[in-house]
Amino acid sequence: MIKLQHVSKSYSAGIPALNDVNLEIEEGEFVFVVGDSGSGKSTLIKLLLKELDPTEGEILINGKRLGAIRHKQIPKFRRDLGVVFQDFRLLKDRNVYDNVAFAQRVIGASVRESRKKVPQMLSMVGLAAKYKSFPKQLSGGEQQRVAIARALINRPKILLADEPTGNLDSNNAWEIMKLLEEINERGTTVVVVTHNMEIVKVMQKRIITIQKGVIISDVNGGEYEN
């Protein structure tokens with residue numbers, strides 16, 4: 001599903017952001033990626049999205065070699081990836097329905113198809129009644145749920161969540177993590193980058209720890225020690 005082989009990424013002379021990383025994530029897994037600021041977590045996400053190219057090594061996602069994907073093919077490649085960010089990145093001038101439907105329009109889905117799928121997705125994230133609301137009328141947790149619905153509307157095989165609870169209080173953070181767990185149980189591979197070690201320890205999933213660009217541990221939740 002996701003495979004990195006001897007991947008390094010340097011931005012300039014000096015210590016690389018990632019250094020000789022080897023990693024495999026299987027279909028259907030739920031994985032946390034943790035580490036201090038500057039450890040290389042964000043670089044990893046950007047490499048998986050093909051926002052960056054590795055300095056060395058090879059990345060395969062869903063059997064595709066990212067190094068062989070041309071620039072014009074990147075949007076199509078990203079259709080198999082759902083992405084959720086810490087800052088939600090919703091369109092402030094569009095309501096909840098239109099924010100989620102926007103992802104459908106990007107891939108050329110028909111209005112008829114969107115009218116069927118968007119309400120289903122909003123029901124799944126618990127926001128069916130707020131489809132006419134605008135982002136500024138929603139709580140942080142609700143905005144993140146809209147972002148998750150948008151990320152999932154095209155049924156990606158993989159969901160990448162970069163600090164999805166970073167701007168949320170504890171209660172909303174737990175609600176979002178429960179939702180991501182439900183999404184994973186439906187078959188989507190979920191990769192979560194986070195600083196929230198309380199959540200990581202409680203949820204008992206696979207935990208990959210990065211330090212100074214190197215994976216220093218890769219364990220199941222029950223084996224994690226910090």
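Is Q204 buried, exposed or partly exposed? I started my notebook with that one. Q204 comes out as partly exposed, because its relative accessibility is 45%. Worth writing down before anything else: I am reading a predicted model.

**Entry 1: the loop between α7 and β9**

I placed Q204 in the loop between α7 and β9. Its phi caught my eye, since the value is positive, near 60°, and the residue is not a glycine.

K205 sits in that loop between α7 and β9 too. I had to check its accessibility: K205 has a relative accessible area of 16%, and anything under 20% counts as buried, so K205 is buried. What does the side chain of K205 make a polar contact with? I found the side chain of E181 as the partner, at 2.9 Å. I then listed what K205 touches, skipping residues up to four places away in sequence: F30, F32, E181, V219, N220 and G221.

**Entry 2: a positive phi in a strand**

I went looking at D20 next. D20 is not a glycine, yet its phi is positive, about 55°. I find D20 in strand β2, which covers residues 18-25. With 42% relative accessibility, D20 goes down as partly exposed.

**Entry 3: T194**

I moved on to the loop between β8 (189-193) and α7 (197-203), where T194 lies. T194 is buried, because its relative accessibility is 3%. Which backbone nitrogen lies 2.9 Å from a polar atom of the T194 side chain? I traced it to N196. Leaving out neighbours within four places in sequence, I get contacts from T194 to F32, V33, V34, K41, E163, T165 and V200. I note that F32 is on the T194 list and also on the K205 list.

**Entry 4: L180 and its helix**

I picked L180 in helix α6. L180 has a relative accessible area of 1% and is therefore buried. What is around it? Setting aside neighbours within four places in sequence, I count F30, I148, L159, A161, P164, V190 and V192 as contacts of L180. For F30, I have a contact with L180 and another with K205. Out of curiosity I also checked L180 against A13: the two are 167 residues apart in sequence and 38 Å apart in space, C-alpha to C-alpha.

**Entry 5: α5 on α6**

I followed L180 into the helix packing. Helix α5 (residues 140-152) packs with helix α6 (residues 170-185) at an angle of about 20°, and the axes are 10 Å apart. Angles under 35 degrees count as roughly parallel, so that is what I wrote for α5 and α6. The crossing of α5 past α6 is right-handed. On the α5 side I see G141, Q144, R145, I148 and L152, and on the α6 side N172, E175, I176, L179, L180 and I183. I sorted the contact by class and got 6 nonpolar, 3 polar and 2 charged residues.

**Entry 6: α3 on α5**

How far apart are the axes of α3 and α5? I read 7 Å, with helix α3 (residues 96-106) and α5 packing at an angle of about 30°. That angle makes α3 roughly parallel to α5. I have this crossing down as right-handed. From α3, the residues V96, N99, V100 and A103 meet V146, A149 and R150 from α5. The α3 and α5 contact divides into 5 nonpolar, 1 polar and 1 charged.

**Entry 7: α3 on α4**

My last stop was α3 with helix α4 (residues 111-124). Their axes come within 10 Å and cross at roughly 120°. I wrote down oblique for α3 and α4, because the roughly perpendicular range runs from 65 to 115 and roughly antiparallel needs over 145. α3 passes α4 in a right-handed crossing. Which residues meet here? In α3 I noted V96, Y97, V100, A101 and Q104, and in α4 E113, S114, R115, K117, V118, P119 and L122. By class, I have 7 nonpolar, 2 polar and 3 charged residues in the contact of α3 with α4. V96 and V100 of α3 turn up in the contact with α4 and also in the one with α5.

Technical notes. Residues numbered from 1 in each chain as written. Predicted model: local features only at pLDDT ≥ 70, side-chain atom pairs only at ≥ 80, totals over all residues. Heavy atoms only, no water. Axes fitted to C-alpha atoms, helices over the stretch in contact; angles between N-to-C directions. Helix = DSSP H or I, 4+ residues; strand = E, 2+ residues; numbered from the N terminus. Left-handed = near helix turned anticlockwise from the far one by under 90°. Contact = heavy atoms within 4.5 Å. Nonpolar A, V, L, I, M, F, W, Y, C, P; charged D, E, K, R; others polar. Buried < 20%, exposed > 50% of the residue type's maximum accessible area, 1.4 Å probe, protein only. Polar contact = N/O pair within 3.5 Å; in protein donor to acceptor, adjacent residues only side chain to side chain.
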